[in-house]
Amino acid sequence: MRPSLLLGAALTLTFAGAALLSFLWTPGDVEAVNIAARLQPPSDAHLLGTDHLGRDMLSMIMTGARTSLAVALVAVGLGMGLGVPLGLAAAARQGGWLDELVMRTNDLIFAFPSLVIAILITAMFGPGALNAILAIGIFNIPVFARLTRGAALSFWRREFILAARVAGKGAPRISFEHILPNLANLLIVQGTIQFSLGILAEAGLSYVGLGAQPPVPSWGRMLADAQTMVALAPHVAIVPGLAIVLTVLGLNLLGDGLRDALDPRLRPSRA
């Protein structure tokens with residue numbers, strides 16, 4: 001097994017495990033303010049120190065992981081759940097009005113940076129985790145739609161698809177019974193990439209105050225709160241920054257490892 005896959009899986013599982021553990025236990029109360037203990041450096045009492053309100057940073061990171069991972073996961077699920085069927089339908093009707101509608105809508109959305117679109121949506125509907133999910137999910141729809149359409153078009157010319165059509169199967173049935181299973185590997189790899197981008201987008205929205213709102217911890221808002229205290233207590237910025245970097249790195253390594261492991265065209269190069 002490739003080292004990148006192992007390292008990516010280890011980093012991803014570490015933060016996912018911390019997020020799940022935060023439902024049952026955290027070293028401290030993330031809503032308890034203790035001004036007397038504010039900005040303490042890492043110690044035996046607080047392994048990662050405390051923030052500007054005296055809250056335990058390890059507890060904040062664990063609970064923040066729950067927020068960031070949940071927002072990104074649901075947003076990617078939304079994008080995949082809507083984008084994949086649209087891509088399959090567009091490929092099945094290549095050159096038709098549905099294909100043109102899907103592709104031109106994709107072009108329109110891709111004409112603007114994803115973070116700008118997310119900020120616009122959350123600014124229109126108000127800040128919050130649900131609106132952040134909607135904003136990130138909307139941009140993921142054309143990503144999966146375009147990817148699915150492009151990959152599905154190559155399968156519509158294959159012999160087993162022609163055999164299915166001769167057997168009397170319609171385009172929707174062929175798409176979901178024969179084409180979609182062959183795209184699973186590609187969609188899994190792209191899903192991990194979009195998952196990492198979703199975490200970055202959630203952190204960016206929270207940083208500007210448009211993501212999850214207090215008292216729900218968020219890595220992006222932890223960075224925003226720490227920006228005026230970096231010289232006084234560097235750990236309040238380093239800790240959430242490292243959490244974002246390591247999580248995104250882990251997901252990217254996991255995606256690369258899965259691509260190498262699942263893509264049959266790359267198997268001879270690993271032999």
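**Helix packing and a salt-bridge network in a predicted model**

Good morning. I begin with one residue, Ile179, whose contacts, leaving out residues up to four places away in sequence, are Leu88, Ala152, Phe155, Trp156, Ile161 and Ile174. Please keep in mind throughout that this is a predicted model.

Where does Ile179 lie? Ile179 is part of helix H7, which covers residues 171-207. Is Ile179 buried or exposed? The relative accessible area of Ile179 is 0%, so this residue is buried. For a sense of distance, consider Val74, which is 105 residues from Ile179 along the chain; the C-alpha atoms of the two residues are 25 Å apart.

Let us now turn to the partners of helix H7. Two packed helices are described by the angle between their axes and the distance between the axes. For H5 and H7, the angle is about 155° and the axes are 10 Å apart. An angle over 145 degrees counts as roughly antiparallel, and H5 and H7 are therefore roughly antiparallel to each other. The crossing of H5 past H7 is right-handed.

Which residues make this contact? On the H5 side they include Ala132, Ile136, Val143, Ala152 and Phe155, and on the H7 side they include Ile179, Leu183, Leu186, Gln190 and Leu205. By type, the residues in the contact of H5 with H7 comprise 14 nonpolar, 7 polar and 1 charged. Our starting residue, Ile179, is thus one of the H7 residues that meet H5.

The second partner is helix H8, residues 219-226, whose axis comes within 7 Å of that of H7, with a crossing at roughly 40°. How are H7 and H8 oriented to each other? An angle of roughly 40° is neither under 35 degrees nor in the range from 65 to 115, and H7 and H8 are therefore oblique to each other. Here, too, the crossing is right-handed, with H7 passing H8. From H7, the contact involves Ile199, Ala203, Ser206 and Tyr207; from H8, it involves Trp219, Gly220, Arg221, Leu223 and Ala224. The contact of H7 with H8 divides into 6 nonpolar, 2 polar and 1 charged residues.

I move on to charged side chains. How many salt bridges does a search of the whole structure find? The answer is 8. I shall follow a few of them, starting with Arg104.

Arg104 forms a salt bridge with Glu100, and the closest N and O atoms are 2.8 Å apart. These two residues are 4 residues apart in helix H3, residues 97-110, so about one helical turn separates them. Arg104 is partly exposed, with a relative accessible area of 43%, and Glu100 is partly exposed as well, at 39%.

Arg104 also meets Asp107 in a salt bridge, at 2.9 Å from N to O. Both Asp107 and Arg104 lie in H3, 3 residues apart, which is about one turn of the helix. Asp107 counts as partly exposed, with 34% relative accessibility.

Asp107 then has a further partner, Arg146, with a salt bridge of 2.5 Å, N to O. This pair links distant parts of the chain: Arg146 belongs to helix H5, residues 129-155, and Asp107 to helix H3, with their positions 39 residues apart in the chain. Arg146 is partly exposed, at 33% relative accessibility. Which residues end up in one network? Through salt bridges that share partners, Glu100, Arg104, Asp107 and Arg146 are joined into one network.

Finally, I turn to the loops. Ser22 is located in the loop between helix H1, residues 3-21, and helix H2, residues 57-92. Ser22 counts as buried, at 8% relative accessibility. Apart from neighbours within four places in sequence, Ser22 is in contact with Met62, Thr63 and Arg66.

Two backbone details deserve attention. Most residues other than glycine have a negative phi, and most peptide bonds are trans. Leu39, however, has a positive phi of about 55° although it is not a glycine. Leu39 is placed in the loop between H1 and H2, and counts as buried at 14% relative accessibility. The other detail is a cis peptide bond between Pro214 and Pro215, with omega about 5°. Pro215 lies in the loop between H7 and H8.

Thank you for your attention.

Terms used: Residues numbered from 1 in each chain as written. Predicted model: local features only at pLDDT ≥ 70, side-chain atom pairs only at ≥ 80, totals over all residues. Heavy atoms only, no water. Buried < 20%, exposed > 50% of the residue type's maximum accessible area, 1.4 Å probe, protein only. Contact = heavy atoms within 4.5 Å. Salt bridge = Lys/Arg side-chain N within 4 Å of Asp/Glu carboxyl O. Axes fitted to C-alpha atoms, helices over the stretch in contact; angles between N-to-C directions. Left-handed = near helix turned anticlockwise from the far one by under 90°. Nonpolar A, V, L, I, M, F, W, Y, C, P; charged D, E, K, R; others polar.
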